[in-house]
Amino acid sequence: ESLLPLHDLLGENQFEASEIIRVGDYYYVICDSSWAVLRLHRSLPIISEQNQMIGVPQVGFAPGESGFEAILHDDTTSTFYVVQESVLHEHRGTYQAMVTQLSMPPPSRTEEHLQQRLNYTVIETCPSEMTFEGTSKGFEGAISLRGKDGRLYILGLCEGNHCKEEEKGKDAGNGRVVVMTRKQATNEFGCVWATVATLEIPS
């Protein structure tokens with residue numbers, strides 16, 4: 001059985017969740033093949049208008065599939081962040097994760113709002129300072145927190161050991177978490193998620 005009405009699926013028939021978080025009475029779910037964000041009421045009603053697809057699955061703010069591997073919520077700004085695992089920047093020839101800040105439409109129980117086609121608003125997209133060797137072994141997950149300095153920090157978990165691919169990425173016991181914070185930059189985005197520290201994960 002489906003959690004969403006058929007008309008709200010927009011032709012999407014594959015939901016392979018990368019991450020799920022709970023904010024208030026709702027779960028927010030991302031899939032690495034879809035640009036949409038699923039918002040599901042905590043009671044998980046079947047075929048319910050309370051469950052909504054925010055955005056269009058096949059159309060996003062960049063070509064191809066989304067590559068979403070993490071979704072975060074910042075209580076201070078009441079905004080969300082999605083993290084793309086690793087994206088090729090062709091003019092520089094580098095692979096970097098992309099962190100995009102989103103504003104979500106608020107949940108509503110009014111019939112008029114429930115029948116609207118919902119979409120999120122992209123506030124900004126910034127690359128990570130951390131670079132990768134390809135598109136398949138970037139950040140596999142992430143969490144966020146506010147430091148004592150009031151800054152937002154994102155902790156990205158590398159999929160490969162040493163944050164590498166191929167043989168070095170298979171070197172067990174060498175997991176890494178990259179701690180990042182947003183800074184102004186002179187790149188085409190005007191911002192970067194700069195590396196503050198790289199933490200070794202005990203084997």
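Begin by selecting Val-83 in this predicted model, and show its neighbours: leaving aside residues up to four places away in sequence, Val-83 touches Gly-67, Phe-68, Glu-69, Ala-70, Leu-72, Ala-97, Met-98, Val-99, Phe-139 and Ala-142.

Next, widen the selection to the largest nonpolar core, which has 19 residues and in which Val-83 is among those with the most contacts, together with Phe-132, Phe-139, Ile-154, Val-178 and Trp-193. Colouring by strand helps here, since the elements that give two or more residues to this core include strand E5 (68–74), strand E7 (94–103) and strand E12 (191–201). Apart from this core lies another one, of 15 residues, and you can find it by selecting Tyr-26, Ile-71, Val-82 and Met-104, which are among its members.

Now turn to the largest pocket, whose volume is about 200 Å³. Of the 14 residues that line this pocket, select Ala-62, Val-87, His-89, Met-98 and Phe-189, which are the closest to its centre. Strand E6 (residues 79–89) gives the most to the lining, with four residues, and the lining as a whole divides into seven nonpolar, four polar and three charged residues.

Finally, display the cysteines, where the count comes to two disulfides. Cys-126 and Cys-191, both buried, are joined with an S to S distance of 2.0 Å; Cys-126 lies in strand E8 and Cys-191 in strand E12, so this pair ties together parts that are 65 residues apart in sequence. The torsion about their S-S bond is about -95 degrees, so the disulfide is left-handed. Select Cys-158 and Cys-163 for the other link, with sulfur atoms 2.0 Å apart, which is right-handed, with 80 degrees about the S-S bond.

Definitions and conventions
Residues are numbered from 1 along each chain as its sequence is written. This is a predicted model: local features need pLDDT of at least 70, side-chain atom pairs count only at pLDDT 80 or more; totals for chains, interfaces and linings use all residues. Side-chain values use heavy atoms; hydrogens and water are left out. On a 1 Å grid over the protein atoms alone, a cavity is a set of points where a 1.4 Å probe fits but cannot get out, and a pocket is an open set with protein on both sides within 12 Å along at least five of seven lines; lining residues have an atom within 4 Å of a point. Grid points are joined across faces, edges and corners, and a volume is the space filled by probe spheres set on the points. Ala, Val, Leu, Ile, Met, Phe, Trp, Tyr, Cys and Pro count as nonpolar, Asp, Glu, Lys and Arg as charged, and the others, Gly among them, as polar. A nonpolar core is a set of buried Ala, Val, Leu, Ile, Met, Phe, Trp, Tyr and Cys residues joined through side-chain atoms within 4.5 Å. Buried means under 20% relative accessible area, exposed over 50%, partly exposed in between (1.4 Å probe, protein chains only). Contact means heavy atoms within 4.5 Å. A disulfide is a pair of cysteine sulfur atoms within 2.5 Å.
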